[in-house]
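Got your viewer open? Let's take a walk through this one together, stop by stop.

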Protein chains: 2
Amino acid sequence: MNSRPPDRLASRLHDIPPFHVMELLARAQTLQAQGRDIIHMEVGEPDFPTPPAIIEAGQHFLANGQVRYTPALGLPALREAVSNFYASRFAARVPAERIVITAGASGALLLAVAALTNPGDEWLLTDPGYPCNRQFIQAFNGVVQALPVDALSNYQPGLEQVAAAWSARTRGLLVASPSNPTGTVIDKSVLDQLADLVAARTGSLIVDEIYQGLVYEQPAETILSRRDDVFVVNSFSKYFGMTGWRLGWLVVPEGYTRPIEMLAQHLFIAASSPAQHAALAAFSTETLTLLEARRSIFAARRTALLQGIRGLGLHVDTEPAGAFYIYARVSGICRSSMTLAHRLLEDAGVATTPGLDFGAHRAEEHLRIAYTADLTRIEEALQRMRSIM
Amino acid sequence: MNSRPPDRLASRLHDIPPFHVMELLARAQTLQAQGRDIIHMEVGEPDFPTPPAIIEAGQHFLANGQVRYTPALGLPALREAVSNFYASRFAARVPAERIVITAGASGALLLAVAALTNPGDEWLLTDPGYPCNRQFIQAFNGVVQALPVDALSNYQPGLEQVAAAWSARTRGLLVASPSNPTGTVIDKSVLDQLADLVAARTGSLIVDEIYQGLVYEQPAETILSRRDDVFVVNSFSKYFGMTGWRLGWLVVPEGYTRPIEMLAQHLFIAASSPAQHAALAAFSTETLTLLEARRSIFAARRTALLQGIRGLGLHVDTEPAGAFYIYARVSGICRSSMTLAHRLLEDAGVATTPGLDFGAHRAEEHLRIAYTADLTRIEEALQRMRSIM
């Protein structure tokens, strides 16, 4: 044995907090192996299969066996298709030239942060927020400056808050709308004011629109229909039902395509070819009709779950307008959402995600519940929760 | 228009040299569009399709539409399959626990470098070498220390050279065998001495074995059959014919799996599910038999190309033992391999890669010629080259 303990890990690895939900998942698997029925409401993955037309396009592409690298920026036809989608659905003019196809939104976030962050540069991120964002920034030796948000601010950053937090070392702001874990959509005029503020300070704004199509009270939108000086992250995973394919895209402001291309060539070579060819069928009328039907199903689940958990005494101070999550406040029921998550799993067989996975700000007061299970299972989960509360 | 020029790019982007071959490729495409027949010997991608059993496994997986995220470390069955492959083909005991499935060798290199590199840490890399390695290190704010290598040292680093180059800031050494662009295999005893040296200085050794199965004068090998304190990068792209799928793996020393898993969860979520399910068929007897037949074809091309270019007056001072490249010295024919590459393309319709894409050391004296075209095309290329030389 020549092995040593990992005593020389880079410091960026010292700061990675564990995903608490993974521990819960492992426990859920143990319970399942013992024959327990577990209802999974912790997962950030739609329960629907990939739409048939996308599957068929993937299979058709595989048939001749020629599975080669694509250009680093992605298949020209797919970049065009995304550009056309922005035009037809959002009346946004986004030239294909500014669209970079990536390995999931993960690849898009990695490229954007790598291209914009020097060591010590600070990024403003909401707390709670998508936990990986913080790690992308730390990976490239940037520094995360948390913007605590809560129900009072619709779980989104406010103009005064960002202005007050902005320092000489601030490089930019990352906003997610609809957001994970809270599902809230940022007010259009607030976002525009934030974008103006960031531009005035010669910073960069990254807008995460990966839950873009999954909104229930207003039409889906994009900041790109109003301005083109922002970085936008999007994904085929959530609305398009392609999680396991690992495909997303990044829209960059004019002039950034070439440097991002060079970075992508070196760090990724290219995104998956089967995924890119399959995704060419993602914007067909057939697929979009199916996806809109699924959106209605998510809407019905959302209503049922909101009503149900409120009936159990959980609070939802700001109703989520999008994504497929409810970020419920559990104060009054228990002092720690972590404890509650464990109790729900052990006693009710319902898996959820504790707030601590999304940050520190009032995290122990909150629990994320995903409606990525069907209505029958959601009703069953509510019934089981009721029986132990 | 709110767009600004990209005046605030991270400094890591200032240091990325262009891929000269891309400029040549663009010119080749222009010529092709004009009706010219171009023979592509610049490409680092096998011309064979993905083996049928792998394609079928991929299609079978897609059939039910359930294309979900896998665990961040990869499908347990695939990690087991890779472990079994090390045992059966190389008599190497590599527990599945130490195997991390990644988005190509690119993902493996990214994870290894990110996990091991603090800002300012230096890595020793050969010049010439795979150009992306330098960018992975610079991406994570490490510093590249070049080890100039040439035919005298088999284009591989030597013990005294590494010992002399090692400084207080050196974090580790990256060795590729067979190497790109030179195709040379490092001597086993030299590699073991290098590994001892690196261990003695409590550094890390990364061995790039992505061309592992493509050797023509000796059996394929792995350092893992001799020691387990190294990081090994491998890929389904080259030997297994799966470039466009973007799938590879990283073997880590004991104790590193958990930190690498956390990093992979955040930076990638997981590698492509279709690719992982397809790759389960990569180690079947049927597929391995086909891949060995392809290796014989590569061997025949290598012999023909070596003989042919020597006949043209190009020098191959050290015969490449593996990969699918010949790194030919063109001094005596012209003063700049870049000029020659352009002339070969314009006048002979043969695309090659100039040495400058792989480093600075005697780069203008060398040209990389890939035998990823069939024998007939290789003969045709040689004939055309002869006619203009």
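Where in chain B does P181(B) lie? Select P181(B) and you'll land in the loop between β5 (170–176) and α7 (188–200) of chain B. Keep in mind as we go that this is a predicted model.

**Stop 1: two cis peptide bonds**

While you're at P181(B), look at the bond that leads into it from N180(B): that peptide bond is cis, with omega near 15 degrees. Now jump to P128(B), which sits in the loop between β3 (122–127) and α5 (131–139) of chain B. The peptide bond from D127(B) to P128(B) is cis too, and omega there is near 5 degrees.

**Stop 2: positive phi without glycine**

Next, pick T202(B), in the loop between α7 and β6 (204–208) of chain B. Its phi is near 50 degrees, a positive value in a residue that isn't glycine. Is T202(B) buried, exposed or partly exposed? It's partly exposed, because its relative accessible area is 39%, which falls between the 20% limit for buried and the 50% limit for exposed.

Then move to R246(B), in the loop between β7 (231–235) and β8 (248–251) of chain B. R246(B) isn't a glycine either, yet it has a positive phi of about 60 degrees. With a relative accessibility of 4%, R246(B) counts as buried, since buried means under 20%.

**Stop 3: a buried serine**

Select S273(B), which belongs to helix α9 (residues 273–279) of chain B. S273(B) has a relative accessibility of 1%, so it counts as buried. What is S273(B) in contact with, leaving aside its neighbours within four places in sequence? Show F61(B), V67(B), R68(B), Y69(B) and T70(B), and then add G244(A) from the other chain.

**Stop 4: helices α1 and α11**

Now display helix α1 (residues 20–33) and helix α11 (residues 337–348) of chain B. They pack at an angle of about 15 degrees, with axes 10 Å apart. How do α1(B) and α11(B) run relative to each other? They are roughly parallel, because angles under 35 degrees count that way. The crossing is right-handed.

To see who touches whom, colour H20(B), E23(B), L24(B), R27(B), A28(B) and L31(B) on α1(B), then M338(B), A341(B), H342(B), L345(B) and E346(B) on α11(B). By class, that contact has 6 nonpolar, 2 polar and 3 charged residues.

**Stop 5: helices α4 and α8**

Hide those and bring up helix α4 (residues 104–116) and helix α8 (residues 257–267) of chain B. Here the axes are 10 Å apart and the packing angle is about 120 degrees, which makes α4(B) oblique to α8(B). The crossing of this pair is right-handed.

On the α4(B) side, select L110(B), L111(B), A114(B) and A115(B); they meet I260(B), L263(B), A264(B) and L267(B) of α8(B). The class count for this contact is 8 nonpolar, no polar and no charged residues.

**Last stop: both chains**

Zoom out and show chains A and B. What rotation superposes chain B on chain A? A turn of 180 degrees does it, with 0.0 Å of shift along the axis and an RMSD of 0.0 Å. That's the relation of a two-fold axis. The same surface serves both copies, as 100% of the contact residues of chain B recur in chain A.

Technical notes
Residues are numbered from 1 along each chain as its sequence is written. Chains are lettered from A and ligands numbered from 1 in the order in which they are written. This is a predicted model: local features need pLDDT of at least 70, side-chain atom pairs count only at pLDDT 80 or more; totals for chains, interfaces and linings use all residues. Side-chain values use heavy atoms; hydrogens and water are left out. Helices (H or I, at least four residues) and strands (E, at least two) are DSSP runs, numbered from the N terminus. Buried means under 20% relative accessible area, exposed over 50%, partly exposed in between (1.4 Å probe, protein chains only). Contact means heavy atoms within 4.5 Å. Axes are lines fitted to C-alpha atoms, for helices over the stretch in contact, and angles run from 0 to 180 degrees between N-to-C directions. Angles under 35 degrees count as roughly parallel, over 145 as roughly antiparallel, 65 to 115 as roughly perpendicular and the rest as oblique. A crossing is left-handed if the near helix is turned anticlockwise from the far one by less than a right angle, and right-handed if clockwise. Ala, Val, Leu, Ile, Met, Phe, Trp, Tyr, Cys and Pro count as nonpolar, Asp, Glu, Lys and Arg as charged, and the others, Gly among them, as polar. Copies are superposed by least squares on the C-alpha atoms of residues with pLDDT of at least 70 in both.
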